[in-house]
Amino acid sequence: MTGDVPASLPRHLQRYVCDQEYERYTPQDHAVWRFVMRHLVRVLSRAAHPVYLEGLEKTGIRLDRIPRIEEINARLSAFGWSAVIVDGYIPPAVFTEFQMRRVLAIARDMRRIDQILYTPAPDIVHESAGHAPFIVDVDYAEYLQRFGQIGLDAISSRADQAVYAAMRALSDIKQDGAATDSDVSAAQAHLDEAIAANDGRSEAARLARLGWWTIEYGLVGTLADYRIFGAGLLSSLGECRSCLDDARVPKRTLTVEAVRVPYDITREQPQLFVARSCQHLSQVLETFADGMCFRRGGSPSLRTAIASGTVCTARYGSTGLEVSGRFDRVMTDAVDNPVYIGTRGPTQLARGGRELAEHGVARHVHGFGSPVGRVQGLARCLSDYPVDALRQHGIGIGRSARFDFLSGVVVEGRLLRVLREGGRNLVLTFADCTATGPEGERLFEPAWGEYDMAVGDAIDSVHGGPADRERYPQEAGAPARRMRSASGPDDGALQAIYAAIDRLRDASPSKIDALRQRLRAHPADWLARLELLRHATGSAAQALRDELGAIALADAVAAPLIRMGLDHAA
């Protein structure tokens, strides 16, 4: 994908794409980027999979400044991928669809200077320097895309969606330099409540765990000799070091059982999983997918969709007809085969992911219900009979017809039209129609209007989300935000100092001394002094070291970062 990447995406994804607003990154933002990247590369040159350093160069991830999205796209296009800028947390289903389309969703925010070791929200370090480098590995890129495809089919629950909304709200508040402790506490309490109300058993929740333990926090190799490839580790100054301590962070061989292991985004991981290779990753993913509803179909999958309370899609296997909505009914026969399905609220009929003409939510605004299975007296599925063959059975447009299903469901009315596609009957529409269940219960009354009967002998697949995402009404999206800066409240004088330091090339002692004098107005700013130290020599360098030592004594949070910077400068 090349050219204007956002314009080439479906409309329902375009709404999550934003402009990078590159000019809004401050000189201090770029200094934070440099600090993080220099120290990450220093550690990861030994600890990361060898593809990492190669990938940084090949995907246009520079060490000296925050990359432009255009630069990343120019490099990713060689590997059949592209990237877009998004604003913080986006809904999981949206993230996975980007991934399925071979598009990296890169958060535009830059972590704040006081959150260098841990950022509570996605930022451009994590998304670009963490995820992008491994795209150059064909096997890993295929795993990433396949994970997106399977993730898009996963059924999420309303509780999952509540956790996402609360998590995004908390990350936004933590990123907001003006937020009070009470603001953070209230948002944290809301997230805790949402997590407590979620049993974590949905397909989406379990698959998210697998993604966490592989894509985000995965190791590759053996238990005795492993390397880092997870983006969460690759972008964390703290955990890329601590995770190598086997006594502190035990390692386990990756199996599908990883989907049972919960994670906590607010703390370091208590254990990590090691995959042998990308092929091993794919094997584990496919093993999990074999148990998902999109591959199993049938009544158990429909009951999963009902319990989720979210929009799902059921597919009639013999025709490919797709019904998308919030399912609230499945009637079964004696051996638990579905014989009637129903939805409540806006419903869409589609085939092959494309909404059928005149069968969107405007027609099925209140819901949809239809039999599943064979009709008595017909040797084959009703879908297989051309219009002429139907006439031979007394079924014709404008005529009354009665369909007695083997299950005991009966549909009787005047046939108005037959929707055919791909050589098969998909939907029969009736007027003056009555539908009754096996026990005689009324499923549809003539007074309710026209009745659309889906055609198919089984439900072979059930997946999360609507079939045609472009045409189904979209859920409320992520709230609009302003771009966050590493700098917090704007300080023009301090930013001017950072900019001046960045412009230094052959720095004279007088220039160094002048900048040191200007920094006296900012006695706690350790990063600018480390930046200046890279250019200083002799007594000026020693003076900066002394100042940094004093800051470290007074600021326990900054102290380890200062030590890292001084070690690197030595």
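User: Helices (H or I, at least four residues) and strands (E, at least two) are DSSP runs, numbered from the N terminus. So how many helices and strands does the protein chain have?
Analyst: Heads-up before we count: this is a predicted model, where local features need pLDDT of at least 70, side-chain atom pairs count only at pLDDT 80 or more, and totals for chains, interfaces and linings use all residues. Residues are numbered from 1 along each chain as its sequence is written, and side-chain values use heavy atoms, with hydrogens and water left out. Add up the secondary structure of the protein chain and you get 21 helices and 17 strands.

User: What does the C-alpha trace span, and what share of the residues is buried?
Analyst: Along its principal axes, the C-alpha trace of the protein chain spans about 100 × 50 × 45 Å. "Buried" is under 20% relative accessible area, "exposed" is over 50%, and "partly exposed" is in between (1.4 Å probe, protein chains only). Of the 570 residues in the protein chain, the buried share is 54%.

User: Let's zoom in on strand 1, residues 82-86. How many of its residues are buried, and which point which way?
Analyst: Strand 1 is mostly covered, with 5 of its 5 residues buried. Looking at directions, Ser-82, Val-84 and Val-86 point one way, and the other way point Ala-83 and Ile-85.

User: Which residue of strand 2 is the bridge partner of Ile-85?
Analyst: Strands count as paired if DSSP finds at least two bridges between them. Strand 1 and strand 2 (residues 103-107) have 5 bridges and run in the parallel sense. Within that pairing, Ile-85 of strand 1 is matched in strand 2 with Ile-106.

User: How many disulfides does a search of the whole structure find?
Analyst: A disulfide is a pair of cysteine sulfur atoms within 2.5 Å. By that rule, a search of the whole structure comes up with 0.

User: Why has Cys-240 no disulfide, and what is its closest cysteine?
Analyst: Cys-240 is tucked away, buried at a relative accessible area of 0%. Its sulfur has no bond because the closest cysteine sulfur is 7.0 Å off, which is too far, and that sulfur sits in Cys-243.

User: And Cys-278: is it buried or exposed, and how far is its sulfur from the closest cysteine sulfur?
Analyst: Cys-278 has a relative accessible area of 17%, so it is buried. The closest cysteine sulfur is again in Cys-243. That gap is too far for a bond, at 17 Å.
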